[in-house]
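User: Here is the model I would like to go through with you. Please keep to plain sentences, and spell out any terms as we go.

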Amino acid sequence: MLVNVGLVQALMSGLLMGFVYSLIALGLSLIYGVMDVVNFAHGEFLMLGMFLAYWFSVLFRLDPLIAIFIIIPVLFLVGVGIYKGLIKRILNGTRISQILTTFGLSVFMANMAMFLWTPNYRLAERHLTSTTGDLSIFGVYLGVPELIASVGSILVFAFAYYLIRFTRTGRAIQATSIDSEGARLVGINIDNIYAITFGLGISCVGAAGVLLATFYYIFPYVGTFFSMIAFATVALGGFGSVEGSFVAGILIGIIESLGGFFISPAVKYAIVFMTYMVVIILRPATGLFGW
Amino acid sequence: MKKGIVVVCTLALVLALGGMAFAENVIKIGAIYPFTGPMAGTAQMLKDGVEMAVDIINNKYDFDFLFADTEGLPNLGGAKIEIIWADSAGDPKTGMSEAERLITSEGVVALIGCYQSSVTKTASQVAERYGIPFVNGDSSSPQLTERNFKWFFRTDPHDGLYARQQFEHLIELEKQTGESLRRLAIVYENTEFGSQVARAQEALAKEYGFQVVEKLAYTTGATSLNSEVTRLMASKPDVVLMAAYISDQILFTKTFKTMRFAPKVWHNTAAPGEPDFLKSVGDDGNYLFLRQGFCADQVVNKPVIGQILEEFRNKFGQEMLADAVRSFHAPIVLADAINRAGSTDPEAIRQALLETDIPGDYCLSPWEGIKFDPETGQNIHSQYIICQIQDQDFYTVFPSEFATREPVFPFPSWDDR
């Protein structure tokens, strides 16, 4: 009985975390799929989203769940700005210069956060008390913030999916992703599409950061581990695949949780990365869903 | 980051130039701490602790403490102590080269530092090679005083001692309450610090006849601790012994609450004592037990503590926390030894250190005093205290001669608080 409750508990916890992983991975996958740039500063944008949620909660007394409606557009603009100022200049550069630039950006952002906000650990303040606490279903305990974070992740993911699949701009993004020269020939402004894609990718990961900030501690290097998970998720789902990110995020959440429960918590991330390596060996170019 | 380095360098330069002006009557001591990198905040607290001690040595104060009523060291014609600061960035290699630089080009007569045990280890190797005394107040790896070094001394207790006190506390709790606390779950982060603590705990569990029902290693910085806590709950322990870093400690506290997990006793290392912990978790942090080297409530046992805490508050504009207390003892011990030696000759200082016998009244930490074991260099009187968080503050509950409050037992269920 206990094992069964434990199993359901682990499964549910993993599932909830998995939706958040999906949203984090989406931004990374999108930027790579469309622009062919691997954004090593991805985790730092997650950190930025978390710190924004923190400062909104402390300075303006806005619960992260309200602040998210301000933070998403703000991060979109930050993304567009970083694209125009930095990423644009390296699009035609070599792969190594792209890696060094985004990696440099990640080091800069983490250290800047440390300089501005000290290396201390914090938690965002919650002002919507109805969104804290926890609930119990048949002996399985779920934190309400975790529940909200995963539902929020699904909603943001669905919104991004809608934008990409069913709007005119989204179709332009898809076209650019498939063949940027062809897209240019039919009159799509590639530069704008890249800017929008980068902004969209950053606001997705930032939104995940805001949702995480409702229950996870915040500090300047918080993005590092999450971005490792994001890379594994994207490689598992296939670089550039939106649906792949979604399924792979859930898979990774569940593998992590069940691995930790049945084998040993110390190796749960080893199991996650092993799964990823097996997929890389079996389907090296495409992951599970890539094209 | 860079600005930090510039500030530290400028500070070092100013101190060095300042030192030159009074070169004849100044005794230089080198201090290595991780001033840059993730531990920069802690390093600042450690530095303030050292500066507080040096201030008491070099200036007159009207309370009863070592060197408070004199300026400088009386047996050396009022010579003042000057600290030469060096940055290890938390890196053992840098710590080693900085120790070398302090000894050879700065001409320090002794070294203090370095906080991280791994850095203290390499820096003290250099001191040993050059024959320069190294007094450490702020590293807790047991291994440091198991090397039979001639020149290494430690004022603070170490992690091995901590585990023993923890079991003594559990046994006392059993006696006080009549409840069995024999089922232990050991939870630890799986690098050097956590593994060492867990190893000591497991050995002692056997020695004292406790049953380890779960031994759980976890990865520090984990994104979720749900599966860890699910396993813990399945093992139904009376006591959870945890060795975590502050970040994971925060997440464990939140996860325990979410999953309604309330063992009778939740016993921790020093992580919940860091200021960020209570700031982050608020009253969810209540009723955790933790080890501390120092607790501000000890002022009732030693009034001079209150006066020094007050001076510290005036001087640095913040509370003197446990880390500052740890680093505070080393310069006092060195000043005392140099004063008794009446010279700055390293061998004379070492002999004086071996004869150190500072009474407990002159220790901020709850010790009977400072006296070094001649073989290992470990302070034989050092010990930890066990505190419990109550009303979002820290109160000493063990050993009983230092206790200021009764412990709350058992850990209340999450619904009844």
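User: Which residue in the hairpin of β1(A) and β2(A) takes a positive phi?
Analyst: A:Phe138 does, with a phi near 50°, in a hairpin that has 2 residues between its strands. Strands (E, at least two residues) and helices (H or I, at least four) are DSSP runs, numbered from the N terminus. This is a predicted model, in which local features need pLDDT (the predictor's confidence in each residue, from 0 to 100) of at least 70, side-chain atom pairs count only at pLDDT 80 or more, and totals for chains, interfaces and linings use all residues. Residues are numbered from 1 along each chain as its sequence is written, while chains are lettered from A and ligands numbered from 1 in the order in which they are written.

User: OK, and how many bridges join β1 of chain A to β2(A)?
Analyst: There are 4 bridges between β1(A), residues 134-137, and β2(A), and the two strands run antiparallel; strands count as paired if DSSP finds at least two bridges between them. Within this pairing, A:Leu135 has A:Leu142 of β2(A) as its bridge partner.

User: What does the rest of chain A look like along the sequence?
Analyst: Chain A has 11 helices and 2 strands, and along the sequence they follow the pattern α-α-α-α-β-β-α-α-α-α-α-α-α. Its radius of gyration is 19 Å, close to the 19 Å that the globule rule gives for 291 residues, so chain A is as compact as a globular protein of that length. That radius is taken over C-alpha atoms, and the rule is 2.2 Å times the number of residues to the power 0.38.

User: Switching topic: how many residues does each chain give to the contact?
Analyst: Chain A gives 31 residues and chain B gives 28, where two residues are in contact if their C-beta atoms, placed from the backbone, lie within 7 Å. On chain A, the elements with two or more residues on that side are α1 (2-35), α4 (95-117), β2 (140-143), α9 (223-237), α10 (242-262) and α11 (268-282). The most comes from α1(A), with 6 residues.

User: What about the classes on that side of chain A?
Analyst: The side of chain A that touches chain B has 19 nonpolar, 9 polar and 3 charged residues. Here Ala, Val, Leu, Ile, Met, Phe, Trp, Tyr, Cys and Pro count as nonpolar, Asp, Glu, Lys and Arg as charged, and the others, Gly among them, as polar. For the complex, the predictor gives an ipTM of 0.82 and a pTM of 0.81.

User: Now chain B; where does its pLDDT stay under 50?
Analyst: That happens over residues 15-23 of chain B, for which the model has 6 contacts beyond four places in sequence. Where pLDDT is low, the predicted coordinates should not be read in detail. For chain B as a whole the mean pLDDT is 90, and 94% of its residues reach 70 or more.

User: Which domains is chain B divided into?
Analyst: There is domain 1 (2-157 + 300-370) and domain 2 (160-292 + 385-416), with bounds from an automatic or database domain assignment. Between them, the contact takes 8 residues from domain 1 of chain B and 10 residues from domain 2 of chain B. The domain 1 side of that contact has 6 nonpolar, 2 polar and no charged residues.

User: In what order do the 5 strands of the open sheet in chain B run?
Analyst: The order is β2-β1-β3-β4-β5 of chain B, with parallel pairing. The edge strands, each pairing on one side only, are β2 (80-87) and β5 (152-154) of chain B.

User: Which helix packs on that sheet?
Analyst: Helix α4(B), residues 117-130, packs on the sheet, touching β1, β3 (110-113), β4 (134-136) and β5 of chain B, and its direction makes about 175° with that of β3(B). Axes here are lines fitted to C-alpha atoms, for helices over the stretch in contact, and angles run from 0 to 180 degrees between N-to-C directions.

User: And the sheet of 7 strands in chain B, what is its order?
Analyst: That open sheet runs β7-β6-β8-β9-β10-β13-β14 in chain B, with mixed pairing. At its edges stand β7 (211-218) and β14 (393-398) of chain B, each with a single partner strand, so one side of each is left without a neighbour in the sheet. Next to the β7(B) edge, β6(B), residues 183-189, pairs with β7(B) in the parallel sense over 7 bridges, and B:Glu189 has B:Tyr218 of β7(B) as its bridge partner.
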